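These are my notebook entries on a protein structure that I looked up part by part. I kept each entry short and wrote down my reasoning where a step called for it.

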Amino acid sequence: MPSTLSRPALRLLGATLVGLACLGNAAAQTPTILDEITVATLTPLEKEMLLNELFNDLNKDDDDQEAHVWDNGGDRGMRVKVTYNFSNSGMTEHSLKAHICRDLKFVVTAGDKSQDLSRRTCSQNSGRWDVQGKDPAPVVYPPFLSDVTIAKLNAKEQTSLLTAAVRTLKDEEDGKTREWSNKGLGNTVPLRVTLTPSRTDAKPGSYHRTCRDLTMVLDGKSGKQELTRRSCENRYGGLDIEPDYVDE
């Protein structure tokens, strides 16, 4: 069973998630808890306002506090009221991801109709909660070097070139080129490769982890080939082009 978060811990994690969630209106692009409402119709602006309030309260409000009440300010007959509060907060089983889950009591009332949309909700890698819309599936790239077509690399070449690529991504400044060759690696057909990092940026949903473009220009007997691969690191500094990389 997940352990209950202390009030200070919840607020600290909530503050972190608030920072991670400033990603524009991405939540509006996928179905949210508000798209399940059948007793009333909310405008896009009303949905945005309610989701923002819900997000802020999910991150800062303690369990079992007085329920929050939101309404759209509509006239009688057009008024929509939403009542919600939280309980049973705790870390997910995969706590290294620093995700938390909370029981959300969420009731929508319009006229003489009401709808209970309560459920357990959990934070996501982006910093949003799943009631705001699920994160998109992570981009899956083919195995590193699998798209090399002008040369057939043996195991030693693949290991050596991968090492050079990792060192380039971790050590070189944008625009600075590192050179590699297969000399002494058991292949009689010479191959030279230049590796250049660029477009360094923060990984979505992260303060410190980074993504970079790696451009490889391969020059061999069969001609030249240029490949560019976007590579991101995990919280432990591993790059997704490394065989033992574990996605979060």
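**Entry 1: aromatic pairs**

I searched the whole structure, which is a predicted model, for aromatic pairs and found 2 of them. I took up Tyr-84 and Phe-86 and noted ring centres 5.9 Å apart with the planes at 50°, so I recorded this pair as tilted. The label follows because planes under 30 degrees apart count as stacked and those over 60 as edge-to-face, with the rest called tilted. I then looked up accessibility: Tyr-84 has a relative accessible area of 1% and is buried. Phe-86 is also listed at 1% relative accessibility, so I entered Phe-86 as buried.

I turned to Tyr-84 and Phe-106, an aromatic pair with 6.2 Å from centre to centre and 25° between the planes, and wrote it down as stacked. Where do Tyr-84 and Phe-106 lie? Tyr-84 belongs to strand β2 (residues 80-91) and Phe-106 to strand β3 (residues 100-110), so this pair ties together parts that are 22 residues apart in sequence. Phe-106 is buried, as is Tyr-84. I closed the entry by noting that Tyr-84, Phe-86 and Phe-106 make up one aromatic cluster.

**Entry 2: a sheet and a helix**

Next I followed the strands of an open sheet. In which order do the 4 strands of this open sheet stand? I read the order as β6-β7-β8-β9, with antiparallel pairing. The edge strands are β6 (178-181) and β9, each of which pairs on one side only. From one strand to the next, the twist averages 20°.

I then looked at the pairs inside this sheet. Strand β7 (residues 191-202) and β8 are antiparallel and pair over 10 bridges. Within that pairing I noted Arg-192, which stands opposite Asp-219 of β8. Strand β8 (residues 210-220) is joined by 10 bridges to strand β9 (residues 223-232), and these two strands run antiparallel. β8 and β9 form a hairpin, with 2 residues between them. I found Gly-220 bridged to Gly-223 of β9.

I also asked what lies across the sheet. Helix α3 (residues 155-171) lies across β6, β7, β8 and β9, and I noted that this helix runs at about 175° to β6.

**Entry 3: salt bridges**

How many salt bridges does the structure hold? I recorded 14 salt bridges, and I looked up a few of them.

Asp-71 forms a salt bridge with Arg-79, and the closest N and O atoms are 3.1 Å apart. Asp-71 has a relative accessible area of 30%, so I listed Asp-71 as partly exposed. Arg-79, at 46% relative accessibility, is partly exposed.

Asp-116 forms a salt bridge with Lys-105, where the closest N and O atoms are 3.1 Å apart. Asp-116 is in strand β4 (residues 113-116) and Lys-105 in strand β3, so the pair ties together parts 11 residues apart in sequence. I noted Asp-116 as partly exposed, with a relative accessible area of 46%, and Lys-105 as partly exposed, at 41% relative accessibility.

My next case was Arg-230 with Asp-213, a salt bridge whose closest N and O atoms are 3.1 Å apart. Arg-230 sits in strand β9 and Asp-213 in strand β8, so the pair ties together parts that are 17 residues apart in sequence. Are Arg-230 and Asp-213 buried or exposed? Both residues are buried. Through shared partners, salt bridges join Arg-199, Asp-213 and Arg-230 into one network.

**Entry 4: disulfides**

A disulfide is a covalent bond between the sulfur atoms of two cysteines. I counted 2 disulfides.

Cys-101 and Cys-122 form a disulfide with sulfur atoms 1.9 Å apart. The torsion about their S-S bond is about 105°, so I entered this disulfide as right-handed. Cys-101 is in strand β3 and Cys-122 in strand β5 (residues 119-122), so the pair ties together parts 21 residues apart in sequence. Both Cys-101 and Cys-122 are buried.

Cys-211 and Cys-232 form a disulfide with sulfur atoms 1.9 Å apart, and the link is right-handed, with 110° about the S-S bond. This pair links distant parts of the chain, with Cys-211 in strand β8 and Cys-232 in strand β9, 21 residues apart. Cys-211 is buried at 3% relative accessibility. Cys-232 has a relative accessible area of 15%, and it is buried because the limit is under 20%. With the bonded cysteines numbered in sequence order, I wrote the pairing as 1-2, 3-4.

Terms used. Residues numbered from 1 in each chain as written. Predicted model: local features only at pLDDT ≥ 70, side-chain atom pairs only at ≥ 80, totals over all residues. Heavy atoms only, no water. Phe/Tyr/Trp six-rings, centres within 6.5 Å; stacked < 30°, edge-to-face > 60°. Buried < 20%, exposed > 50% of the residue type's maximum accessible area, 1.4 Å probe, protein only. Pairing = 2+ DSSP bridges. Axes fitted to C-alpha atoms, helices over the stretch in contact; angles between N-to-C directions. Contact = heavy atoms within 4.5 Å. Salt bridge = Lys/Arg side-chain N within 4 Å of Asp/Glu carboxyl O. Disulfide = S-S within 2.5 Å.
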